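Got a few minutes to poke at a fold together? Have a look below, and then we'll go through it in questions and answers.

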Amino acid sequence: MNRRNMIKFNIIVWVIVAVVAIGVFASLALGTFVLPRFHLGEYQMETLATAIDEKISGDIQDIDIDWVNDVSVIIDDSMKQEARIVVKSSSSKKLPEKIVSFDIKTGKLKVTLEQEKLFSFFSVGGTDRIRLEVYVPSQTYKSLTIHTISDEINIGGIDSENINIDAASSDVLASGIKTNFLSIDTVSGNIDGNNVTIKDMKLDTASGEIELSGYILGAKVNSVSGDIGIQSDIMLTSFSSDSVSGEVDITIPENDGFMVDFDSVSGDLESQFNMSNKQYKNGGPIFKTHSVSGDVTINKR
């Protein structure tokens, strides 16, 4: 399969993903609850009342969260072998019993929202939502996994060997994270990160924008219509991107050389490095960028 056919194939795949996502939201709308799509800044924090605030003890190596709306995972330096679970609700009604379950077993902190109970609790077509805050000790974790549908995911200062985030329309904010591998898959949410330390990552979004900065070694990013911006304080050892109409901006420091495998129907390749035949100096890592109409720019930090 040549590259143009590959691009067409990627477009078809992303369209299918978007249709499936729409189907999910439509099925929810036919039930008893319509999930709102809002950013955190659109709410006044005082409208969220604390419904649960509990601590559980245990050695935590893995964190697994299955939620619906906002999720924040926060480092608390005062905590040792324990976690604090805070649930905030926009509803004035008391949350049903066992709507939220959490425990620590065999080193895994598991937090789950019983969605069927949530949908029957909140009003039809309303803007009610439920927010989760998980406070954990400062340490290196084996894995952090988050599944959610809408609103915002915020992970700050987390040090984990692997971070996996799966969200339908959530924005993902990552500040000061450190990981060997970061995987984020979202349909319409933006992905923003600063001061990150990442050995390798795979980021997928259909219409959201991707913007990450920090110490990044490797990156594979895919976006249909959103722009992609990767700023690394160190030289990338690998980079690949697939986009349809979004712009791709790569910012790297002075280095010993690289090559660019650029394939586009109507997009342009621009570089602040003095390249010859898509090669800088004696070559090196190959940056693979495929697009239909988006431009690719390589900036010098």
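**Salt bridges, a pocket and some odd backbone angles**

Q: Which side chain meets D233 in a salt bridge?
A: This is a predicted model, so keep that in mind throughout. The N-to-O distance in the bridge is 2.8 Å, and a salt bridge needs those atoms within 4 Å. The partner of D233 is R301.

Q: How many residues apart are D233 and R301?
A: D233 sits in the loop between β16 (228-232) and β17 (238-243). R301 is in the segment after β24 (296-300), so the pair links distant parts of the chain. The separation is 68 residues.

Q: Is R301 buried or exposed?
A: Its partner D233 has a relative accessible area of 30%, which makes D233 partly exposed. For R301 the relative accessibility is 57%, and the cut-off for exposed is over 50%. That makes R301 exposed.

Q: In the salt bridge between K202 and D204, how far apart are the closest N and O atoms?
A: K202 counts as partly exposed, at 30% relative accessibility. D204 comes in at 8%, so D204 is buried. Between the closest N and O atoms of K202 and D204 the distance is 2.5 Å.

Q: How many salt bridges does a search of the whole structure find?
A: One of them joins R131 and D70, with the closest N and O atoms 3.9 Å apart. The search of the whole structure gives a total of 10.

Q: Where in the chain is D70, the partner of R131?
A: R131 belongs to strand β7 (residues 130-136), and D70 is 61 residues away from R131 in sequence. Both R131 and D70 are buried. The place to look for D70 is the loop between β2 (62-66) and β3 (71-75).

Q: Which residues are joined into one network by salt bridges that share partners?
A: R131 and D70 have already turned up as a bridged pair. Following the shared partners brings in K88 and E133 too. The full network is D70, K88, R131 and E133.

Q: Which strand gives the most to the lining of the largest pocket?
A: The largest pocket holds about 230 Å³ of space. It is lined by 14 residues, and the closest to its centre are A51, I52, K94, L95 and P96. One strand, residues 49-57, supplies four lining residues, and that is β1.

Q: What is the phi of T106?
A: Most residues other than glycine have a negative phi. T106 is not a glycine, yet its phi is positive. T106 is in the loop between β5 (100-105) and β6 (108-113), and it counts as exposed because its relative accessibility is 83%. The phi of T106 is near 45 degrees.

Q: Which strand contains K281, a residue with a positive phi?
A: K281 has a phi of about 55 degrees although it is not a glycine. Its relative accessibility is 44%, so K281 counts as partly exposed. The strand spans residues 279-281 and is β22.

Q: Is G107 buried or exposed?
A: G107 is found in the loop between β5 and β6. Its relative accessible area is 14%, and the cut-off for buried is under 20%. So G107 is buried.

Q: How far apart in space are G107 and I60, C-alpha to C-alpha?
A: Leaving aside neighbours within four places in sequence, G107 is in contact with D59, I60, Q61 and D62. G107 and I60 are 47 residues apart in sequence. In space, their C-alpha atoms are separated by 4.7 Å.

Q: How many strands does the protein chain have?
A: Of the 301 residues, 49% count as buried. Among contacts with a separation of 6 or more, 52% come from residues 24 or more positions apart. The chain has two helices, and its strands number 24.

Q: What is the mean pLDDT of the protein chain?
A: A pLDDT of 70 or more is reached by 80% of the residues. Over residues 5-9 the pLDDT is below 50, and this stretch has six contacts beyond near neighbours in sequence. Residues 23-46 are also below 50, with 49 such contacts in the model. For the protein chain, the mean is 84.

Key. Residues numbered from 1 in each chain as written. Heavy atoms only, no water. Buried < 20%, exposed > 50% of the residue type's maximum accessible area, 1.4 Å probe, protein only. Contact = heavy atoms within 4.5 Å. pLDDT = per-residue confidence, 0-100. 1 Å grid on protein atoms, 1.4 Å probe; cavity = no way out; pocket = protein on both sides within 12 Å on 5 of 7 lines; lining within 4 Å. Points joined across faces, edges and corners; volume = space filled by probe spheres on them.
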